[in-house]
Amino acid sequence: MLLNVENLRVSVESEEEGAAKEILKGLSLSIAPGEVHAIMGPNGSGKSTFSHVLAGKPGYEVTAGAASFRGRDLLELAPEERAAAGLFLAFQYPVEIPGVPYMQFLKVALNSQRKLRGEEELSTPDFMRLVREKTAQLNIPMDMLRRPVNVGFSGGEKKRMETLQMAVLDPTLCILDEIDSGLDIDALRVVADGVNALRSEKRGFLLITHYQRLLDYIEPDHVHVMAAGRIVRSGGKELALELEKEGYAAYVEDTAA
Amino acid sequence: MADQNTVKTVEELGEKYKYGFETEVEMDKAPKGLNEDIIRFISKKKGEPEWMLQWRLDAYHKWLEMEEPTWAKVHYPPVDFQDLYYYAAPKKQAIKSLDELDPEILKTYEKLGIPLKEQEVLAGVEGASKVAVDAVFDSVSVVTTFREELAKAGVIFCPISEAIRDHPDLVRKYLGSVVPVGDNFYAALNSAVFTDGSFVYIPKGVRCPMELSTYFRINEKQTGQFERTLIIADEGAYVSYLEGCTAPMRDENQLHAAVVELVILDEAEIKYSTVQNWYPGDAEGRGGVYNFVTKRADCRGRNAKVSWTQVETGSAITWKYPSCILKGDGSSGEFYSIAISNGFQQVDSGTKMIHLGKNTTSRIISKGISAGRSQNTYRGLVSVGRKATGSRNYTQCDSLLIGETCGAHTVPYITAKTPHAKVEHEATTSKIAEDQLFYCQSRGIPEEEAVALIVNGFVRDVIQKLPMEFMAETQRLINISLEGSVG
């Protein structure tokens with residue numbers, strides 16, 4: 001099992017004193033290698049919180065439950081250790097890092113992970129070879145890598161570079177947090193192609209999205225509906241089509257009751 | 001970019017201040033205190049002609065009438081000028097070859113990584129380049145290498161005390177012409193008691209065949225080191241000069257009041273780079289060097305060019321404004337600065353660009369990084385005179401704050417007395433965002449390395465202006481000075 005989450009409860013530190021707000025209220029989910037899962041749900045259901053907690057973003061408190069990743073206690077690991085263990089979060093809003101060329105960023109990231117795993121760092125020529133291979137596969141022009149990380153990038157460009165990072169860093173679990181947000185159809189197709197190129201027996205995907213449309217391009221094996229901090233229903237890809245027709249209303253009412 | 005170094009050198013963060021050690025060498029000291037006798041003692045020790053002694057005494061009398069300036073954003077306990085030694089030199093002097101050098105001193109410089117061994121550098125060891133070194137140990141220049149090669153080109157590069165004896169005409173002509181003796185309190189003090197520094201003269205049309213470099217160390221307790229440097233680029237000449245400093249651990253504050261004068265004639269160019277790493281004080285903010293420096297370049301000639309590039313990471317207090325007087329028509333001045341403050345350090349630094357001639361240009365790029373409980377101030381003046389038509393200035397000063405307890409301040413002064421000039425000023429202030437840090441960590445980059453990476457990106461524009469040889473040392477220095485700044 002790649003990812004095993006059991007009854008996870010997570011609160012967010014609130015601005016009012018002593019009032020922590022519970023966002024995840026007992027979430028359970030399992031992902032095996034080779035599987036593509038999608039989590040869909042309305043705003044405020046806790047989808048992004050879930051992806052942030054898996055990646056180890058500070059500011060969240062786990063109050064109950066457990067999460068294991070490839071047999072290890074995920075919540076015990078620092079964010080960089082989770083990355084080195086093979087977890088990758090493609091951000092909804094990738095951050096800018098002025099003055100740092102993408103090429104340099106990728107090299108430092110890859111070698112930091114290798115070092116954490118006790119592997120030898122990649123030499124510059126070997127790294128360049130790897131990058132050339134991956135950019136060719138994903139149809140990304142090499143000179144995008146000379147630009148500072150995400151500075152002045154369009155939404156589509158940012159998401160494409162997230163897929164390049166995936167290709168270079170070679171993670172086993174890819175969490176894509178609303179990778180379709182802000183993209184037009186053409187950009188979406190390009191990004192989806194990139195993700196599909198990475199599908200393999202050993203790799204798992206967790207897609208987080210509002211809209212069924214993404215799932216036309218990246219076909220899931222399992223679809224889950226999330227509402228009010230929990231997964232309230234699971235099914236196959238037909239569930240996504242049903243949601244598109246009916247909307248989330250039924251699930252929101254259920255949880256409100 | 002030396003990103004491999006970034007990752008590697010962060011490992012070295014275990015040793016807090018790598019250069020904190022002393023050398024046990026016999027020192028020849030004047031008694032503590034400052035008076036005419038001490039000045040005569042210094043002048044005699046240096047074998048100076050009468051005119052030089054008079055120059056010093058004149059400066060001393062001016063100094064006695066002056067008051068310490070207090071307008072900067074730096075705070076320190078009052079300096080007792082009578083409680084310092086103004087002269088300290090190793091006992092053995094006037095050696096003919098490296099073999100005669102006190103082995104302790106040689107060992108010290110090896111520890112500092114200074115290429116004193118001519119053979120090593122000449123043999124073309126990987127990464128080594130032709131850098132001539134005039135090493136100053138406290139107050140006396142110890143060895144000058146590469147003299148023969150420079151002599152062939154007609155370049156004079158020697159300790160200033162030697163220049164006073166061997167090239168008095170040149171020294172008399174230019175000394176004090178850029179920073180007059182009465183210019184400011186610390187310049188006057190320096191003029192009275194300077195004990196060494198570099199003298200460089202590049203003859204007409206000569207491009208100095210190698211980078212010139214000087215290392216300084218403050219070794220003795222309570223020694224104020226007062227260097228005086230004078231560099232003259234005659235018509236059409238070019239020289240690149242690097243100044244790099246380190247100092248050992250100390251409890252008492254040490255005063256470093258240097259003066260650097262650059263003279264650039266028609267069509268000539270001087271590139272002056274500084275990497276400053278003086279002892280910054282301990283974790284509680286005690287001790288550390290006071291770096292109160294006057295540096296000024298006089299672009300006297302047509303199309304004269306000067307650039308100041310500085311990386312300031314050390315000292316308890318840094319107080320300096322490398323400046324350019326742009327007299328010659330078409331002359332240009334550049335100032336590139338990275339000033340890092342951590343712990344309890346204080347920095348009040350910047351530049352003055354004085355546009356006097358027509359079509360003169362100046363460019364200022366200042367990157368201030370504050371961390372810990374430090375205070376970092378950029379203070380700059382751009383002044384365009386009435387006759388400086390067609391002049392242009394571009395200033396960009398950016399501040400980066402790391403953590404919640406440091407401060408960054410910007411004090412720009414702009415005066416323009418002609419409407420036919422263009423002055424642009426941009427400033428940004430930013431923090432290392434938690435989001436940026438988390439983004440890096442989510443990619444496998446631990447927090448300290450992420451800070452180093454982000455800071456590297458922030459200072460990139462300025463790092464690229466440094467001579468190649470010193471980029472790696474600078475990266476290392478920046479990473480080490482930011483140790484422990486996060487969390």
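## A tour of chains A and B

Start in chain A by selecting strand E3 (residues 36-40) and strand E11 (residues 222-227), which pair in the parallel sense over 4 bridges. This is a predicted model. To find the register of the two strands, pick His37(A): its bridge partner in E11(A) is His222(A).

Now widen the selection to the sheet around this pair. E3 and E11 belong to an open sheet of 6 strands in chain A, ordered E6-E9-E10-E3-E11-E12, with mixed pairing. At its edges are strand E6 (87-90) and strand E12 (230-235) of chain A, each of which pairs on one side only. Looking across the sheet, neighbouring strands are turned by 20° against each other on average, direction ignored.

Next, stay in chain A and select strands E2, E1, E4 and E5. These 4 strands form an open sheet in the order E2-E1-E4-E5, and the pairing is antiparallel. Strand E2 (21-31) and strand E5 (72-73) of chain A are the edge strands, each pairing on one side only. Between them, strand E1 (residues 3-12) and strand E4 (residues 60-69) of chain A are joined in the antiparallel sense by 8 bridges. One place to check the register is Arg9(A), whose bridge partner in E4(A) is Ala64(A). Add helix H1 (residues 47-55) of chain A, which packs on this sheet and touches E1, E2 and E4 of chain A. The direction of H1 makes about 70° with that of E4(A).

Hide the sheets and show two helices of chain A: H4 (residues 124-137) and H5 (residues 155-169). They pack at an angle of about 135°, with their axes 10 Å apart. That angle makes H4(A) oblique to H5(A). The crossing in which H4(A) passes H5(A) is right-handed. Which residues make the contact? From H4(A), select Leu130(A), Val131(A), Lys134(A), Thr135(A) and Gln137(A); from H5(A), select Leu164(A), Ala167(A) and Val168(A). Coloured by class, this contact of H4(A) with H5(A) shows 5 nonpolar, 2 polar and 1 charged residues.

Bring both chains into view and select the contact between them. Chain A gives 23 residues to the contact and chain B gives 20 residues. On the side of chain A that touches chain B, helix H2 (79-85), strand E7 (97-101) and helix H3 (102-116) of chain A each supply at least two residues. H3(A) has the largest share of that side, with 8 residues. By class, the residues on the side of chain A that touches chain B are 14 nonpolar, 6 polar and 3 charged.

Finish in chain B with strand E6 (residues 198-202). Is this strand mostly covered or exposed? E6(B) is mostly covered, with 5 of its 5 residues buried. In a regular strand, side chains alternate between the two faces of the sheet. To see both faces of E6(B), select Ser198(B), Val200(B) and Ile202(B) on one side, then Phe199(B) and Tyr201(B) on the other; all are buried.

Two pairings of E6(B) can be followed from here. Strand E5 (residues 156-159) of chain B pairs with E6(B) in the antiparallel sense over 4 bridges, and Ile156(B) stands opposite Tyr201(B) in E6(B). Strand E8 (residues 228-233) of chain B runs parallel to E6(B) and is joined to E6(B) by 4 bridges. For the last stop, select Phe199(B) together with its bridge partner in E8(B), Leu230(B).

Note on methods:
Residues are numbered from 1 along each chain as its sequence is written. Chains are lettered from A and ligands numbered from 1 in the order in which they are written. This is a predicted model: local features need pLDDT of at least 70, side-chain atom pairs count only at pLDDT 80 or more; totals for chains, interfaces and linings use all residues. Two residues are in contact if their C-beta atoms, placed from the backbone, lie within 7 Å. Ala, Val, Leu, Ile, Met, Phe, Trp, Tyr, Cys and Pro count as nonpolar, Asp, Glu, Lys and Arg as charged, and the others, Gly among them, as polar. Axes are lines fitted to C-alpha atoms, for helices over the stretch in contact, and angles run from 0 to 180 degrees between N-to-C directions. Angles under 35 degrees count as roughly parallel, over 145 as roughly antiparallel, 65 to 115 as roughly perpendicular and the rest as oblique. A crossing is left-handed if the near helix is turned anticlockwise from the far one by less than a right angle, and right-handed if clockwise. A residue is buried if 20 or more other C-beta atoms lie within 10 Å of its own, exposed if 12 or fewer, and partly exposed in between; C-beta atoms are placed from the backbone. Two strands pair if DSSP finds at least two bridges between them.
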